[in-house]
Amino acid sequence: MKLVAVTACPTGIAHSQMAAENLEQTAERLGHDIKVEVQGAMGAQNELTADDIAEADVVIIAADTAVTRDRFEGKNLVKGTVKDGVNDAEGLIEKAEDLVETEGAEQIDLSAGESASGSTATESDTAEATTESPTAGADAQGQQRRGGDREKGLFQRLKRLFS
């Protein structure tokens, strides 16, 4: 299955990057192709092209800020929070798989508490923005690190950039 995704948080420095990496690794592990656009304070990275979107079977939006959905019109769409992307990327991808199996353009908005029974997100959901907790995904009890290769992480990329 071909997926495209957008991750975005108010700051766009760490959590949206972590969600993107987790979605990429989970999709690869499950045998899907994915391209993830990261939106944040530094602008958009790895921007989705019109061809990327046209070829995609489903769109995943993991965002705590408003993401314009106009370019995804007519596509199956799963909307969740950045926290969903960081902690439950597999759940987001499973919802996307379910949408593709049902055939027909639908939207599932997990952040609004709607079920996966085919509820359609409204335009007012696009305008909703929640604040991101600075400790989202962190647990003092030694939670296992999620994500991927530390050499591909944001801090390592920034370190190489400024070296």
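Accessible areas here come from the Shrake-Rupley method with a 1.4 Å probe. Keep that in mind as you work through this predicted model.

**Exercise 1. Describe the protein chain as a whole: its surface, its burial and its order of elements.**

Step 1. Start with the surface. The accessible surface of the protein chain comes to about 9,000 Å², and carbon and sulfur atoms hold 47% of it.

Step 2. Turn to burial. Of the 163 residues in the protein chain, 38% are buried.

Step 3. List the elements. The protein chain has six helices and six strands, and along the sequence they follow the pattern β-α-β-β-α-β-β-α-α-β-α-α.

Step 4. Look at the contacts. Among contacts in the protein chain with a separation of 6 or more, 62% join residues 24 or more positions apart.

**Exercise 2. Check the length of helix H1, then find what its buried residues pack against.**

Step 1. Helix H1 covers residues 15-29, which is 15 residues. The rise is 1.5 Å a residue, and the expected span uses one less than the number of residues, so the helix should span 21 Å.

Step 2. Compare with the model. The end C-alpha atoms of H1 are 21 Å apart, which agrees with the expected span.

Step 3. Pick out the buried residues. In H1 they are His15, Ser16, Gln17, Ala19, Ala20, Glu21, Asn22, Leu23, Thr26 and Ala27.

Step 4. A general rule helps in reading such a list: an α-helix has 3.6 residues a turn, so residues three or four places apart point the same way.

Step 5. Find the partners. The buried residues of H1 pack against strands E1 (2-8), E2 (33-40) and E3 (43-45), and against helices H3 (82-87), H4 (89-102) and H6 (154-161).

Step 6. Look past the end of the helix. H1 is followed by Gly31, which has a positive phi, near 85°.

**Exercise 3. Take Asn22 of helix H1 and work out how it relates to Val86.**

Step 1. Asn22 lies in helix H1. Its relative accessible area is 10%, which is under the 20% cut-off, so Asn22 is buried.

Step 2. Compare sequence and space. Asn22 and Val86 stand 64 residues apart in sequence, while their C-alpha atoms are 6.1 Å apart.

Step 3. Go down to the atoms. A polar atom of the Asn22 side chain lies 2.6 Å from the backbone oxygen of Val86.

**Exercise 4. How many salt bridges does a search of the whole structure find, and how exposed are the partners?**

Step 1. The search finds three salt bridges.

Step 2. Arg29 pairs with Glu90, with the closest N and O atoms 2.6 Å apart. This pair links distant parts of the chain, since Arg29 is in helix H1 and Glu90 in helix H4, 61 residues apart. Arg29 is exposed at 53% relative accessible area, whereas Glu90 is partly exposed at 33%.

Step 3. Lys35 and Asp52 meet in a salt bridge of 2.7 Å, N to O. Lys35 is in strand E2 and Asp52 in helix H2 (residues 50-55), 17 residues apart. Lys35 counts as partly exposed at 21%, and Asp52 counts as buried at 14%.

Step 4. Arg71 forms a salt bridge with Glu37, the closest N and O atoms being 2.8 Å apart. Arg71 sits in the loop between strand E4 (58-63) and strand E5 (76-80), and Glu37 sits in strand E2, 34 residues away. Arg71 is partly exposed at 34%, while Glu37 is buried at 3%.

Key. Residues are numbered from 1 along each chain as its sequence is written. This is a predicted model: local features need pLDDT of at least 70, side-chain atom pairs count only at pLDDT 80 or more; totals for chains, interfaces and linings use all residues. Side-chain values use heavy atoms; hydrogens and water are left out. Helices (H or I, at least four residues) and strands (E, at least two) are DSSP runs, numbered from the N terminus. Buried means under 20% relative accessible area, exposed over 50%, partly exposed in between (1.4 Å probe, protein chains only). Contact means heavy atoms within 4.5 Å. A salt bridge is a side-chain nitrogen of Lys or Arg within 4 Å of a carboxyl oxygen of Asp or Glu. A polar contact is a pair of N or O atoms within 3.5 Å; within protein, one must be able to donate a hydrogen and the other to accept it, and residues adjacent in sequence count only if both atoms are side-chain atoms.
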